[in-house]
Amino acid sequence: MRALLGRLAKSAGGGGALSPAAVFWLLRIGRSVQAELTWPLPVYTLLFILSQITLLLALLLPWNILATLSLGHSPARFEGTFGQLGAGPVVGILMALVLICFGTHLVAEAAGASMCQRASAVIIDRHRKLGLSDSLRGGAASDYRRILRLFAMLAYSIIAAVLIAISYPALLVILLLYVILGAMVAAILPPVSAQGVASELRSKAWWGIGFICLVGWVIHDAWHGTMPSFWSVFFALLLARQALIFLMMSASSLGVLFRRKERVEALFVADRPVTA
């Protein structure tokens, strides 16, 4: 897994500076940050998971609103919840749920950002290092949030993999095979600028092709009569898509952090001196 993430980081970050050494560096900086303050990482991970789940619900519920409007009554899957309510009340309830979910997503994101700002300030003040410029201090919260978010995305991806294994084990096998093979192919491609359009297109192509492969496997299973229930496939594909995107985003974040490693260490490692 460490070598795999290192290959992903090399593709996402561009240039030859990134290697599996970046992954070991990330683990070291993660341990240093966790040793300074133990509570931000688990709290941020929970906030991130809550944020992503509520955002997903906020994006899925409007489709049920459209189904209710087209049918003139609640869909069959909601009959046990809404009974014989008409289209108007059902649409109102679903719209309220959309607003609640999206509001919860925004609150979780804001709470995570605020927590990172306070926690990074506490760590910097605790070290009492001389020579930290205002620009370094100003970017501390952003770097700290990037570190926590990277680990939170990896945690979310692991949870997603477990849920996929429960609902659609064969799809998880295809997902893992694609991640491994995709990382190997990405590692041999020529490097591109991390901030360029080519890097963005390559990242989107990486997870997009992976998702198409997963859909292809679902079609294969459907033709052979081995596809699980619709809802098992639907949620497994949603989770797999998120896992692919978060793996790519994790690799990109690792590339950014590793390129700034002197700055990050100066901010968050107690015995690392501030360099000019």
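**Exercise 1.** Classify arginine 263 as buried, exposed or partly exposed, and describe its salt bridge with aspartate 143.

*Solution.* Step 1: arginine 263 has a relative accessibility of 27%, so it counts as partly exposed; buried means under 20% relative accessible area, exposed over 50%, and partly exposed in between, with a 1.4 Å probe and protein chains only. The model is a predicted one: local features need pLDDT of at least 70, side-chain atom pairs count only at pLDDT 80 or more, and totals for chains, interfaces and linings use all residues. Residues are numbered from 1 along each chain as its sequence is written, and side-chain values use heavy atoms, with hydrogens and water left out.

Step 2: a salt bridge is a side-chain nitrogen of Lys or Arg within 4 Å of a carboxyl oxygen of Asp or Glu. Arginine 263 meets this rule with aspartate 143, the closest N and O atoms being 2.8 Å apart. Arginine 263 is in helix α10 and aspartate 143 in helix α6, 120 residues apart, so the pair links distant parts of the chain. Helices are DSSP runs (H or I, at least four residues), numbered from the N terminus.

Step 3: aspartate 143 has 0% relative accessibility and counts as buried. Asp143 and Arg263 belong to a network of salt bridges that also takes in Arg146 and Arg260.

**Exercise 2.** State how many salt bridges the rule gives, then describe the pairs of arginine 126 with glutamate 36 and of glutamate 109 with arginine 145.

*Solution.* Step 1: the count comes to 6 salt bridges.

Step 2: the side chains of arginine 126 and glutamate 36 meet at 3.5 Å, N to O. Arginine 126 lies in helix α5 and glutamate 36 in helix α2, so this pair ties together parts that are 90 residues apart in sequence. Arginine 126 is partly exposed at 45%, whereas glutamate 36 is buried at 17%.

Step 3: glutamate 109 and arginine 145 have their closest N and O atoms 3.4 Å apart. Helix α5 holds glutamate 109 and helix α6 holds arginine 145, 36 residues apart. Glutamate 109 is buried at 18% relative accessibility, and arginine 145 is partly exposed at 28%.

**Exercise 3.** Describe the largest nonpolar core and the part that α9 plays in it.

*Solution.* Step 1: a nonpolar core is a set of buried Ala, Val, Leu, Ile, Met, Phe, Trp, Tyr and Cys residues joined through side-chain atoms within 4.5 Å. The largest has 54 residues, and those touching the most other members include Ile29, Tyr144, Ile164 and Phe268.

Step 2: α9 gives the most to this core, with 13 residues. Of the 30 residues of α9, 21 are buried, so this helix is largely enclosed by the rest of the structure. It reaches 44 Å from its first C-alpha to its last, close to the 44 Å expected at 1.5 Å a residue; the expected span is 1.5 Å times one less than the number of residues.

Step 3: contact means heavy atoms within 4.5 Å. Leaving aside neighbours within four places in sequence, isoleucine 164 is in contact with residues including Pro169, Leu172, Ala236 and Leu239.

**Exercise 4.** Describe the surroundings of threonine 54.

*Solution.* Step 1: threonine 54 lies in helix α3 and is buried at 8%.

Step 2: not counting residues up to four places away in sequence, threonine 54 touches Cys101, Thr104 and His105. A polar atom of the threonine 54 side chain lies 3.5 Å from the backbone nitrogen of histidine 105.

Methods. Helices (H or I, at least four residues) and strands (E, at least two) are DSSP runs, numbered from the N terminus. A polar contact is a pair of N or O atoms within 3.5 Å; within protein, one must be able to donate a hydrogen and the other to accept it, and residues adjacent in sequence count only if both atoms are side-chain atoms.
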